[in-house]
Amino acid sequence: MAKPTLGPAFSISLSRHTRPLLTACHVATPTTTKITMPDHHPSLEVIGGARDRFLLALHSTLRQPYNPFPLIAWNRHVETIFAAVFRFVPHVRLRRECLRVKDGGSVALDWISGDELPLPPDSPILILMPGLTGGSQDSYVRYMLTKAKSKGWRVVVFNSRGCGHSPVTTPQFYSASFVGDTCEVVEHVGARYPEANLYAAGWSLGANILVRYLGHESHTCPLFGAVSLCNPFNLVIADEELHKGFNNVYDKALARSICKIFKNHALLFEDIGGEFNIPLASNGKSVRDFDEGLTRVSFGFKSVDEYYSNCGSCDSIKHVQIPLLCIQVIYLYRF
């Protein structure tokens with residue numbers, strides 16, 4: 001079941017480059033009231049006010065019943081695996097732009113090929129941030145990309161270091177804690193299309209990074225809105241969930257994917273020394289193994305538990321000052 005949450009909520013203006021006004025009644029406080037709407041799905045919460053403005057925009061969608069896919073939707077694991085293995089991947093011609101960031105690292109931005117011609121310069125832009133090991137090749141990213149394009153949006157996929165076959169030019173990948181690349185990507189996209197309003201949507205680990213970025217930027221955030229999908233929020237709890245029952249299957253699959261990406265760039269880490277455990281990062285059986293061997297060392301944490309404790313977005317969300325829609329899957333964390 002998906003649980004959508006809106007907050008902190010501000011008045012929305014559709015006029016170009018009109019930032020919502022921040023007043024006392026708009027900003028969430030420690031005594032924020034959570035309002036559950038009885039005439040919509042009971043899992044919907046609007047936090048921070050502006051209830052009527054948001055619900056007017058979502059009214060028709062929220063009243064539509066959810067129709068699960070026939071036969072396979074009786075079990076969440078069957079549905080997840082079926083979609084991953086058998087779902088058609090939309091064909092989209094992409095144009096890649098490699099962006100070199102300040103520390104010498106690189107990320108890949110995949111734009112829809114040819115969209116600079118038919119779309120006006122003030123078309124809204126959606127930046128997509130996939131989950132762990134994800135990129136523009138994944139079906140869930142392609143479906144969002146094609147849907148947004150059909151609505152007249154300009155869309156770009158932000159492939160993190162090593163993901164989506166993006167280049168790795170320094171001995172550092174990305175992490176749940178690091179928002180530096182996101183800052184540079186948003187700044188770059190905004191400079192390229194200065195007349196357009198910017199938005200972002202992230203899945204899972206990408207959503208965690210996005211919400212941390214929103215909290216980090218807070219009142220100075222250049223985005224006009226964002227969507228967080230299946231965000232783990234608390235990485236300690238997420239790690240615990242990944243080691244329960246059938247979730248171990250997902251953990252092992254993610255570990256294989258991230259270790260494969262690492263092996264493609266292992267020469268960058270040759271003789272790196274320090275606390276790095278390169279064999280563990282190369283052959284880890286779980287995401288935790290990889291984070292212990294590489295991630296937590298790269299980003300200066302004494303242990304993987306310290307990394308997880310400090311890198312969730314649950315502490316960042318209270319600093320978010322733009323409209324943010326969070327959609328969660330109850331009882332199942334998906335990285």
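Q: Helices (H or I, at least four residues) and strands (E, at least two) are DSSP runs, numbered from the N terminus; where does that place Cys-230?
A: Cys-230 sits in the loop between strand S9 (225-229) and helix H6 (235-242). The whole protein has ten helices and ten strands. This is a predicted model, in which local features need pLDDT of at least 70 and side-chain atom pairs count only at pLDDT 80 or more, while totals for chains, interfaces and linings use all residues. Residues are numbered from 1 along each chain as its sequence is written, and side-chain values use heavy atoms, with hydrogens and water left out.

Q: What makes the phi of Cys-230 worth a remark?
A: Its sign. Most residues other than glycine have a negative phi. Cys-230 is not a glycine, yet its phi is positive, about 55°. Phe-233 is also no glycine and has a positive phi of about 60°. Phe-233 lies in the loop between S9 and H6.

Q: Why is Cys-230 called partly exposed, and is Phe-233 buried or exposed?
A: Buried means under 20% relative accessible area, exposed over 50%, and partly exposed in between (1.4 Å probe, protein chains only). Cys-230 has 21% relative accessibility, so it counts as partly exposed. Phe-233 has 18%, so it is buried. Of the 335 residues of the protein, 49% count as buried.

Q: How do you know that S4 and S5 pair?
A: Pairing needs at least two DSSP bridges between the strands. S4 (residues 94-100) and S5 (residues 106-112) have seven, and they run antiparallel. Two partnerships show the register. Arg-95 bridges to Trp-111 in S5. Cys-98 stands opposite Ala-108.

Q: What is special about Gly-104 in this hairpin?
A: Five residues lie between the strands S4 and S5, and in that hairpin Gly-104 takes a positive phi near 95°.

Q: Which other strand pairs with S5, and over how many bridges?
A: S7 (residues 154-159) does, in the antiparallel sense, over four bridges. Leu-109 stands opposite Phe-158 in S7.

Q: What makes S5 a covered strand?
A: Seven of its seven residues are buried. In a regular strand the side chains alternate between the two faces of the sheet. In S5, one side carries Ser-106, Ala-108, Asp-110 and Ile-112, and the other carries Val-107, Leu-109 and Trp-111; all are buried.

Q: What makes Arg-192 a charge over the ring of Trp-111?
A: The rule asks for NZ of Lys or CZ of Arg within 6 Å of the ring centre and within 35 degrees of the ring normal. Arg-192 lies over the face of Trp-111, at 4.9 Å from the ring centre.

Q: Why does Cys-221 not count as part of a disulfide?
A: A disulfide is a pair of cysteine sulfur atoms within 2.5 Å. The closest cysteine sulfur to that of Cys-221 is in Cys-183, 9.0 Å away, so it is too far for a bond. Cys-221 is buried, with a relative accessible area of 2%. Cys-163 is buried too, at 2%. The count for the protein is zero disulfides.

Q: How many aromatic pairs are there, and why is the pair of Phe-173 and Phe-269 called stacked?
A: Rings of Phe, Tyr and Trp (its six-membered ring) pair if their centres lie within 6.5 Å; planes under 30 degrees apart are stacked, over 60 edge-to-face, and the rest tilted. That gives 13 aromatic pairs. Phe-173 and Phe-269 have centres 5.8 Å apart and planes at 5°, so the pair is stacked. Phe-173 is in the loop between S7 and helix H4 (180-192), and Phe-269 in the loop between helix H7 (247-263) and helix H8 (278-283), so the pair ties together parts 96 residues apart in sequence. Both Phe-173 and Phe-269 are buried.

Q: Why is the pair of Phe-178 and Phe-299 called tilted?
A: Their centres are 5.7 Å apart, and their planes stand at 40°, so the pair is tilted. This pair also links distant parts of the chain, 121 residues apart. Phe-178 is in the loop between S7 and H4, Phe-299 in the loop between helix H9 (287-298) and helix H10 (304-311). Phe-178 has a relative accessible area of 24%, so it is partly exposed. Phe-299, at 18%, counts as buried.

Q: Which residues do ring pairs link into a cluster?
A: Phe-173, Phe-262, Phe-269 and Phe-290.
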